[in-house]
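Colleague: Could you take me through one part of this model up close? I'd like the sheet and the salt bridges, with the cut-offs spelled out as you go.

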Amino acid sequence: MSARNPGMELDLEWVSRVRVNTQAVLKRAQQIQGRKLVKKQWEAAWLLRAVTCIDLTTLAGDDTPSNVHRLCLKATQPVRCDLLKAMDMQDKGITTAAVCVYPSRVADAVKSLKAANSSLPVASVATGFPAGQTPLKTRLEEVRLAVQDGAGEIDIVINRTLALTAQWEELYQELQHTVYRASLVAMMAGSDFIKTSTGKETINATYPVAIVMARAIRDYFLRTGHKVGFKPAGGIRTAKDSLVWLTLMKEELGEEWMGPHLFRLGPAPCWRTSRQVYHHVTGRYAAYQELPLA
């Protein structure tokens, strides 16, 4: 993760001045989606970069210590050793960015990564994920317990009622046109990353919303000098999707936002990205059993 964002006093004048040109944002999103993507060895290099930005995640109601353990092993070796060796990348430390679990599974993940001699951080969704509708006292206790068990990163769900009803001062206290303003207020309150959605909604990460959020990050950086990371969540399915998101980060925020300290992806592209790397090396696509979870 990048240097911590210390936040700033809530600047309601800045928030109230926000205007978003919707048509311009939609046009920009179409441009990015229409870009020709890199091919051959450059595609493989970008795919490996995408792998290093993935928060490998399990957020299932039936999570157990055993499947969290398997997830951790996959996070430490997301691409098969023989494939990395074929690309002369076996000693580059290719891992995912983090392992993400529910608070009750943090201790299991920390234990598994420690046993694997890995320094990968454990992230945890907290604060009433995914709805964020539990009382503030309960949400704060959930964060405290996750950190106590070893979580190095906390994925916080904002109170969307406060954002949708423009209660910016109340939202600021909890976190210390709406997407841009919510992003701005979250950063003012000290968020190190902002995220499109929980990944559990009908509509999740979209390119127009991402552009608005990226520009909020850029404006905040220009104003304060503090860099804030970005994570799109939900709806990212393919290796190509990963490349488009990296392109968006490069064009809107610059190359520094193409690494795991300032950019994260959800877990969905992991297998498909590895499969595309397999194709680059072997000339054929892997069957499911050739790229197991762990």
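Modeller: Here is the sheet, followed by the salt bridges. Bear in mind that this is a predicted model, where local features need pLDDT of at least 70 and side-chain atom pairs count only at pLDDT 80 or more, while totals for chains, interfaces and linings use all residues. Residues are numbered from 1 along each chain as its sequence is written, and side-chain values use heavy atoms, with hydrogens and water left out.

The sheet is open and has four strands in the order β1-β2-β3-β4, with parallel pairing. Strands here are DSSP runs (E, at least two residues), helices are runs of H or I with at least four residues, and both are numbered from the N terminus. Two strands pair if DSSP finds at least two bridges between them. At the edges stand β1 (55-57) and β4 (153-156); each has a single partner strand, so one side of each is left without a neighbour in the sheet. From one strand to the next, the twist averages 30 degrees; axes are lines fitted to C-alpha atoms, for helices over the stretch in contact, and angles run from 0 to 180 degrees between N-to-C directions.

Now zoom in on β3 (residues 122-126), which four bridges join to β4. V125 is the residue that stands opposite D155 in β4. Lying across β2 (98-101) and β3 is helix α6 (residues 106-115), running at about 175 degrees to β3. Contact means heavy atoms within 4.5 Å.

On to the charges: the whole structure holds 17 salt bridges, each being a side-chain nitrogen of Lys or Arg within 4 Å of a carboxyl oxygen of Asp or Glu. One of them pairs D55 with K231 at 3.0 Å, N to O. D55 is buried at 5% relative accessibility, and K231 is buried too, at 8%. Buried means under 20% relative accessible area, exposed over 50%, and partly exposed in between (1.4 Å probe, protein chains only).

R35 and E251 make another salt bridge, with their closest N and O atoms 2.8 Å apart. R35 is partly exposed at 36%, and E251 is partly exposed at 32%. Both belong to a salt-bridge network that links R28, R35, R215, R218, E251 and E252.

Finally, E141 bridges to R144 at 2.6 Å between the closest N and O atoms. Both sit in helix α7 (residues 136-148), three residues apart, about one turn of the helix. E141 is partly exposed at 34%, as is R144 at 41%.
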